[in-house]
Amino acid sequence: MKKATEKRNNREILGSNRALVAGCICSVAFILLITVGSMILFRENMMQSAELLEQSEDEAYEAYYVMIVSDHTSEFWQSVYAGAREEGREKGAWVEMFGSNLSTGYSQNDLLKMAIASGVDGIILEADESMVTTGHLKEAEERGIPVVTVLGDNSQGIRKSFVGVSNYNLGREYGRQVLSIDDKEVADVLVLMSADAQDTSQNIIFSGIQETLAEAGGAAVQVRAAAVENKGAFDAEESIRNLFMEETLPDVMICLDEITTSCVYQAVVDYNIVGQIDIIGYYDSDVILRAIERNVVRSTISIDTAEMGEYCVAALDEYRKNGYVSEYFSVGTNLITMENVKAYLGGAGSGQNP
């Protein structure tokens with residue numbers, strides 16, 4: 001009797017376990033079915049959304065332009081891009097900072113090659129004089145893609161227009177800023193130049209500084225140059241710190257780009273030599289404006305970045321519609337000193353007149 005009871009209990013337990021296993025299998029199968037169904041539905045919705053977005057963009061924009069620059073993360077180029085994008089909206093063109101959404105970092109020439117292969121309607125390029133860039137510009141011309149160069153030019157390639165500033169006049173303004181220093185005798189001026197530049201723009205600026213000082217009777221002032229690695233903020237910072245440790249410190253440092261100006265400002269603070277070097281900078285980022293307000297940076301030359309971006313898109317739009325465009329667009333500059341910095345701090349880093 002006891003054995004019969006044990007057998008019956010074992011059968012009941014076994015049956016209960018089988019029912020439990022079957023229930024679990026059914027639950028898992030149901031969850032998998034729901035998951036797969038949801039994924040399929042999600043994919044279909046995404047495809048439909050992509051199609052609708054594509055249709056919407058095709059209807060909203062008549063042209064697709066890309067901007068390719070040396071450092072798309074810098075505040076300077078972001079400000080230029082904002083001006084280009086806004087002008088593009090008004091002209092019916094979509095403007096993209098090419099490469100900013102890619103997980104892999106590509107060189108400018110790689111991005112230029114990709115843009116040409118993609119058949120974009122126009123390219124805005126911070127160019128240089130390298131043979132590789134020249135070759136790509138010729139390829140763009142052969143494929144009917146207009147290129148507008150900005151800030152950096154390529155005189156050998158076939159670009160439709162150049163948007164920038166007069167480098168000689170920029171050098172003259174730097175020279176005048178050196179001459180305006182009247183609280184000490186200036187004998188040594190160091191111009192910090194990009195080690196990666198492949199055009200003559202910096203040399204023209206340097207000549208403008210030298211000639212301005214010489215004309216004013218400042219022949220005794222030594223004007224020299226030092227190369228700075230400025231592919232990124234880290235490289236520039238390390239390069240400038242090496243200069244501060246190895247070089248005889250000058251009376252004046254002239255910076256020709258935004259990153260160099262910010263790094264020199266930080267270096268004089270870190271080395272506790274504020275006031276020993278007069279810094280003449282470039283651009284009007286919030287950091288640089290605050291440095292002027294604190295009397296660490298003497299002055300800075302600001303380019304109207306919004307205007308620069310607008311001119312780039314306007315040049316492409318004019319060429320696309322008329323088949324011709326002005327070869328050169330000159331962008332305005334502003335001098336910012338302690339006397340007018342507060343007006344700029346109201347819209348810090350705008351690259352525009354206050």
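Which residues lie nearest the centre of the largest pocket? Keep that in mind as you load the model, which is a predicted one.

**Stop 1: the pocket**

Select Ser70, Asp71, Trp77, Gln108 and Glu126: of the 47 residues that line the largest pocket, these lie nearest its centre. The space inside comes to about 1200 Å³. Now colour the lining by class, and you should find 19 nonpolar, 20 polar and eight charged residues.

Next, show the helices around it. The elements that give two or more residues to this lining are H2, helix H3 (108–118), helix H5 (167–179), helix H6 (201–215) and helix H8 (258–270). H3 provides the largest share, with four residues.

**Stop 2: an aromatic cluster**

Stay with Trp77, one of the residues nearest the pocket centre, and add Phe76, Tyr282 and Tyr283 to your selection. Together, these four form one aromatic cluster. The structure as a whole holds seven aromatic pairs. Phe76 and Tyr282 make one that is tilted, with 6.0 Å from centre to centre and 40 degrees between the planes. Phe76 belongs to helix H2 (residues 75–91) and Tyr282 to strand S9 (residues 278–282), so this pair ties together parts that are 206 residues apart in sequence.

Are these two rings' residues buried or exposed? Phe76 is buried, at 4% relative accessible area, and Tyr282 also counts as buried, at 7%.

**Stop 3: a stacked pair**

Move on to Phe162 and Tyr328. Their rings form a stacked aromatic pair, 5.8 Å centre to centre with 20 degrees between the planes. Phe162 sits in strand S5 (residues 161–164) and Tyr328 in strand S11 (residues 328–330), so the pair links parts that are 166 residues apart in sequence. Check the surface here too: Phe162 is buried, with a relative accessible area of 10%, whereas Tyr328 is partly exposed at 38%.

**Stop 4: the sheet**

Switch to a cartoon view and look for the strands that carry this pair. How do S5 and S11 pair? They run in the parallel sense and share three bridges. Within this stretch, Val163 stands opposite Phe329 in S11.

Now widen the selection to the whole sheet. Six strands make up an open sheet, in the order S2-S1-S3-S4-S5-S11, and their pairing is parallel. At the edges are strand S2 (93–97) and S11, each of which pairs on one side only. On average, neighbouring strands of this sheet are turned by 20 degrees against each other, direction ignored. As background, strands of a sheet pair through backbone hydrogen bonds, either parallel or antiparallel.

**Stop 5: Trp94 on an edge strand**

Go to the S2 edge and pick Trp94, which is found in that strand. Trp94 counts as partly exposed, at 36% relative accessibility. Add Tyr64 and draw a distance between the C-alpha atoms: Trp94 and Tyr64 are 30 residues apart along the chain, and their C-alpha atoms are separated by 4.9 Å.

**Stop 6: Tyr168 in H5**

For the last stop, return to one of the helices of the pocket lining. Tyr168 has its place in helix H5, an element that gives two or more residues to that lining. Tyr168 is partly exposed, with a relative accessible area of 31%. Select Glu211 as well: 43 residues separate Tyr168 and Glu211 along the chain, and the distance between their C-alpha atoms is 9.9 Å.

Note on methods
Residues numbered from 1 in each chain as written. Predicted model: local features only at pLDDT ≥ 70, side-chain atom pairs only at ≥ 80, totals over all residues. Heavy atoms only, no water. Phe/Tyr/Trp six-rings, centres within 6.5 Å; stacked < 30°, edge-to-face > 60°. Buried < 20%, exposed > 50% of the residue type's maximum accessible area, 1.4 Å probe, protein only. 1 Å grid on protein atoms, 1.4 Å probe; cavity = no way out; pocket = protein on both sides within 12 Å on 5 of 7 lines; lining within 4 Å. Points joined across faces, edges and corners; volume = space filled by probe spheres on them. Nonpolar A, V, L, I, M, F, W, Y, C, P; charged D, E, K, R; others polar. Pairing = 2+ DSSP bridges. Axes fitted to C-alpha atoms, helices over the stretch in contact; angles between N-to-C directions.
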